[in-house]
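Dear colleague,

Please find below the structure that I am handing over to you. My findings follow directly after it.

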Amino acid sequence: MRYILYFILIPALLPVFLIFKYIYGLDKVEREPFGFVLKVLLWGAVFSIPCAVVERFAISFIQAFYDIESVKYAFMENTFGVALVEELSKWLVLMILVWRNNNFDYRYDGIVYATTASLGFAALENILYVVNFGTGVSIGRAIFAIPGHTTFGVFMGFFLSRAKTQELDNREFLKLILLLFSLAIPMLIHGCYDFLLSDQVAVIGYRWFFYIYVALLDLFAWKIIRHEFKTDHRL
């Protein structure tokens with residue numbers, strides 16, 4: 001039984017661990033307390049649990065308005081039926097645990113906490129995929145899905161730190177706009193990611209664009225990470 005558990009957990013969690021180690025390891029100015037970061041990771045996983053139920057409800061609602069074979073339906077389903085639900089769950093973890101916490105006091109912290117919540121979500125999702133479909137799916141998910149969730153978290157954290165800066169400067173309107181961006185931008189990026197994988201896009205022959213999209217997205221996110229930790233400063 002123990003070896004079966006290892007057989008499931010190692011391929012499911014290894015890419016999560018490696019990405020987390022890289023991002024957390026860059027936080028050298030004032031490293032976040034590991035216990036608190038771990039708490040954000042675990043709650044990212046916990047908040048992912050009700051997503052499947054909410055997604056089913058949202059998708060059934062969308063189906064009442066669009067032809068399920070249409071490209072419009074695919075976009076609405078993946079953006080508002082899936083991406084909004086999943087990114088909102090991560091965003092709520094940050095707003096409940098991180099936003100008012102004293103440890104959120106440097107600009108790079110936004111990326112640390114947002115990617116951590118995203119990796120918690122991805123970790124549980126990956127375990128469920130490996131359990132249901134076998135370790136064969138772990139390679140594809142290690143290359144695409146887990147870095148994808150990390151990338152969504154990078155954009156969320158980027159705008160979250162900017163929103164925190166505006167709050168400290170007593171600019172409430174700009175704070176609210178940037179908080180909205182911290183949810184809306186990852187949602188749209190995530191929605192486009194899933195949309196490009198949909199059957200409707202495959203039928204019209206544009207599935208190949210997914211690989212270009214992912215490569216550019218990962219490169220852009222990596223540059224944001226490098227820029228944020230190199231220019232890190234107290235909020």
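**Cysteines**

The sulfur of Cys 192 has its closest cysteine sulfur in Cys 51, at 19 Å, which is too far for a bond. Please note that this is a predicted model. The same separation holds from the other side: for the sulfur of Cys 51, the closest cysteine sulfur is that of Cys 192, 19 Å away and too far for a bond. A disulfide is a covalent bond between the sulfur atoms of two cysteines. The structure holds 0 disulfides. As to their surroundings, Cys 51 counts as buried, at 4% relative accessibility, whereas Cys 192 counts as partly exposed, at 28%.

**Overall architecture**

The chain contains 9 helices and 0 strands, and its pattern along the sequence reads α-α-α-α-α-α-α-α-α. Its radius of gyration is 18 Å, close to the 18 Å that the globule rule gives for 235 residues, so the chain is as compact as a globular protein of that length. Along the principal axes, the C-alpha atoms fill a box of roughly 50 × 50 × 30 Å.

Of the 235 residues, 48% count as buried. Among the contacts with a separation of 6 or more, 78% are made by residues 24 or more positions apart. The accessible surface of the chain amounts to about 12100 Å², and 72% of this belongs to carbon and sulfur atoms.

**Salt bridges**

A search of the whole structure finds 9 salt bridges. Three of them are described here, beginning with the pair Lys 90 and Glu 87, whose closest N and O atoms are 2.9 Å apart. These two residues are 3 positions apart in helix H4 (residues 71-98), and so are separated by about one helical turn. Lys 90 is buried, with a relative accessible area of 1%, and Glu 87 is buried as well, at 0%.

Asp 105 forms a salt bridge with Arg 234, with 3.3 Å between the closest N and O atoms. Asp 105 lies in the loop between H4 and helix H5 (109-133), while Arg 234 lies in the segment after H9, so the pair ties together parts that are 129 residues apart in sequence. Within this pair, Asp 105 is buried, with a relative accessible area of 14%, and Arg 234 counts as partly exposed, at 48% relative accessibility.

The third example is the salt bridge between Glu 167 and Lys 164, where the closest N and O atoms are 3.3 Å apart. Both residues belong to helix H6 and are 3 residues apart, which means that about one helical turn separates them. Glu 167 and Lys 164 are both buried. Through salt bridges that share partners, Arg 100, Lys 164, Glu 167, Glu 172 and Lys 175 are joined into one network.

**Nonpolar surface patch**

Which residues make the nonpolar surface patch of about 680 Å²? They are Val 71, Ile 204, Tyr 206, Trp 208, Phe 209, Ile 212 and Leu 216. Helix H9 (residues 209-230) gives the most to the patch, with 3 residues. Ile 204 lies in the loop between helix H8 (199-203) and H9, and is partly exposed, with a relative accessible area of 47%.

**Individual residues in the helices**

Three further residues may be of use when you inspect the model.

- Glu 228 lies in helix H9 and is buried, with a relative accessible area of 1%. Leaving aside neighbours within four places in sequence, Glu 228 is in contact with Arg 107, Tyr 108, Ile 111, Phe 158 and Arg 162.
- Thr 151 lies in helix H6 (residues 136-168) and is buried, with a relative accessible area of 3%. Not counting residues up to four places away in sequence, Thr 151 touches Leu 217, Asp 218 and Ala 221.
- Phe 181 is placed in helix H7 (residues 172-196) and is partly exposed, with a relative accessible area of 34%. Not counting residues up to four places away in sequence, Phe 181 touches Phe 159 and Pro 186. The C-alpha atoms of Phe 181 and Ala 117 are separated by 17 Å, the two residues being 64 apart along the chain.

With kind regards

Technical notes. Residues numbered from 1 in each chain as written. Predicted model: local features only at pLDDT ≥ 70, side-chain atom pairs only at ≥ 80, totals over all residues. Heavy atoms only, no water. Patch = residues over 30% accessible without salt bridge, like charges linked within 9 Å, V, L, I, M, F, W, Y side chains within 5 Å. Areas by Shrake-Rupley, 256 points an atom, 1.4 Å probe, with all protein chains shown as cover. Salt bridge = Lys/Arg side-chain N within 4 Å of Asp/Glu carboxyl O. Helix = DSSP H or I, 4+ residues; strand = E, 2+ residues; numbered from the N terminus. Buried < 20%, exposed > 50% of the residue type's maximum accessible area, 1.4 Å probe, protein only. Rg over C-alpha atoms; globule rule 2.2 N^0.38 Å. Contact = heavy atoms within 4.5 Å. Disulfide = S-S within 2.5 Å.
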